[in-house]
Amino acid sequence: MTFRSDLEIVAAALDRQVSAARERRTPVLAQRPLVELIEDLRLDCLAREGGLTGDVLLRFTEAYLGSIINLHQPGYMGHQVAVPHPSASLGALIDGLTNNPMAIYEMGPGAAAIEWFVINWMLEKIGWTPAPIEAGKRAERICGGGVLTHGGSLANLTALIAARSALRPDAWHQGDQGDLAVIAPESNHYSIDRAVGILGIGTRNIYRVPCDARGAMRPETLPQILERIQADGRTPLALVANACSTSVGVYDPLRPIGEFCRECGIWFHVDGAHGASALLSTEYRHRLDGVELASSLTWDAHKMMRTPSVCAALLVRDHRTIDSAFSQQASYLFHDKEQLGFDFLHRSVECTKSAMGLRFFMVLAALGEQGLARYVEHQYRLAEQVHDYLKGIDDIEVAVAPESNILCLRLPGTDAHQLTLRDGILNRGDFYITSTEFQGRRWLRLVFMNPETTLDDVKRLVEQIRDTERVNPDSAVY
Ligand SMILES: *Cc1c(COP(=O)(O)O)cnc(C)c1O
């Protein structure tokens with residue numbers, strides 16, 4: 001069998017699968033036990049005998065596609081993972097076969113050029129100065145910079161590393177003095193805690209900013225927090241804000257927070273892993289009003305920009321901060337030569353890096369930036385429509401009026417009851433939803449990632465929740 005005919009086998013199987021999913025003819029998720037899947041996929045036999053081509057490949061592909069969670073099914077309202085645009089999957093295929101780990105220019109000139117272009121495109125959307133295209137050319141004024149990373153968590157870590165190198169240039173060699181603190185909202189993503197832990201700052205040195213009833217940071221509490229940090233003999237390394245929060249999708253007020261950071265000379269990091277894509281929309285970009293005051297921004301393409309995992313970006317207002325984030329020298333890779341392009345290696349935690357920009361760029365090139373903006377707007381608007389619909393239902397409570405494509409709701413009963421309802425939905429397989437804790441209570445969480453999900457899908461989901469309720473009444477209520 002040739003590569004070409006195997007490709008056709010896989011392409012046809014994928015096409016059947018995606019079409020069936022889009023027409024709601026397959027379940028979103030049919031969970032089966034691990035032992036059963038290992039058997040079904042014939043992993044043992046295939047590993048021993050090889051020969052994954054032709055009919056064997058077809059059987060394996062179909063078995064695999066029978067074991068997936070089906071993001072292309074409009075009943076998918078689960079985690080914040082992109083429903084990939086088909087063009088992006090072609091990017092993943094091209095990258096998978098050509099494998100250009102482009103962190104040094106000569107190991108993937110095209111991919112590096114795309115990364116450079118994508119970073120500049122994002123910088124422009126933020127309102128920061130893009131870097132000059134010509135390699136080696138100095139910018140007239142301070143320009144921005146950035147790097148694509150394997151995920152927003154890594155982008156957040158990179159941001160705090162850059163912040164530390166800016167505040168304490170010696171820390172890389174000397175280690176830090178053990179006096180740093182990070183300011184973050186109660187609602188920050190756990191990757192911030194991890195970054196603080198990894199940096200050796202200690203998670204107990206995260207000073208939490210109280211949030212209002214919507215779960216957004218209360219900027220008026222910041223001066224007091226800073227006083228407390230100083231009274232504790234500590235120095236603030238950075239202040240992190242959400243755009244938007246993971247649990248309920250609410251944006252922190254970036255402008256007053258940014259102004260406070262400017263006044264006090266504190267590195268301002270905006271975690272926009274999910275919600276920075278609203279920058280594309282003239283209708284929703286105001287949610288990030290003040291983002292240009294930030295020192296750095298995390299922005300995932302594999303969340304709201306239809307790009308398969310993973311492709312995230314860390315962007316900085318001043319490129320020098322990312323260029324000197326890792327002062328460690330890998331001399332065998334940084335040699336003096338006439339550079340035709342740009343090596344991203346010194347900007348990233350990773351050494352081998354996939355051509356992430358290609359995946360994202362192929363979405364951008366397929367939809368155009370207007371098309372991508374329309375996608376974001378459509379998803380955000382759907383959450384508003386669902387909110388309006390749920391307002392008319394007496395016993396369903398909504399956590400907050402949605403500010404993004406995330407909506408959390410709750411039925412009467414205990415926290416455990418909400419989880420029972422979710423289990424009931426997952427067992428039926430037509431919908432996939434998650435749950436979250438917010439303001440001390442458990443909520444069912446819907447995230448509208450799929451461009452084909454409609455209000456009618458949500459209405460059917462609510463009916464199924466009702467059915468589940470009838471079968472599993474909450475003893476604490478009835
Ligand atoms: C999803 C998310 C992250 C983590 O990003 P990954 O790409 O999953 O590593 C960080 N912060 C926020 C606010 C997020 O929503």
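Helices are DSSP runs of H or I, at least four residues long, numbered from the N terminus. In this predicted model, aspartate 423 lies in one such run, helix H15, which covers residues 415–428. Aspartate 423 is partly exposed, because its relative accessibility is 41%. Its C-alpha atom is separated by 44 Å from that of isoleucine 322. Along the chain, aspartate 423 and isoleucine 322 are 101 residues apart.

The chain as a whole contains 16 helices and 11 strands. Its radius of gyration is 24 Å. The globule rule gives 23 Å for 478 residues, so the chain is as compact as a globular protein of that length. The C-alpha trace spans about 60 × 60 × 40 Å along its principal axes. Contacts were also sorted by separation in sequence. Among those between residues at least 6 apart, 73% join residues at least 24 apart.

Burial and surface were examined next. Of the 478 residues, 54% count as buried. The chain exposes about 21,500 Å². Carbon and sulfur atoms supply 52% of that area. Charged side chains comprise 47 positive and 59 negative groups. The centres of the two sets lie 1 Å apart.

Serine 245 offers a local view of the interior. This residue sits in the loop between strand S4 (235–242) and helix H11 (254–264). Despite the loop setting, serine 245 counts as buried, because its relative accessibility is 1%. Residues up to four places away in sequence were set aside when its contacts were listed. On that basis serine 245 touches Ser187, Val250 and Ile406.

The cysteines were then checked for bonding. The count of disulfides comes to 0. Cysteine 211 is in no disulfide, and the nearest cysteine sulfur, that of cysteine 244, is 13 Å away. Cysteine 211 counts as buried, because its relative accessibility is 17%. Why does cysteine 264 lack a bond to the closest cysteine sulfur, in cysteine 261? The sulfur atoms are 7.3 Å apart, too far for a bond, because a disulfide requires a pair of cysteine sulfur atoms within 2.5 Å. Cysteine 264 is partly exposed, with a relative accessible area of 33%. The two cysteines thus fall into separate classes: cysteine 211 is buried, whereas cysteine 264 is partly exposed.

Note on methods. Residues are numbered from 1 along each chain as its sequence is written. This is a predicted model: local features need pLDDT of at least 70, side-chain atom pairs count only at pLDDT 80 or more; totals for chains, interfaces and linings use all residues. Side-chain values use heavy atoms; hydrogens and water are left out. Buried means under 20% relative accessible area, exposed over 50%, partly exposed in between (1.4 Å probe, protein chains only). Helices (H or I, at least four residues) and strands (E, at least two) are DSSP runs, numbered from the N terminus. The radius of gyration is taken over C-alpha atoms; the globule rule is 2.2 Å times the number of residues to the power 0.38. Contact means heavy atoms within 4.5 Å. Accessible areas come from the Shrake-Rupley method with a 1.4 Å probe; for residues, only the protein chains shown count as cover. Lys and Arg count as positive and Asp and Glu as negative; His and the chain ends are not counted. The place of a charge is taken as NZ of Lys, CZ of Arg, CG of Asp or CD of Glu.
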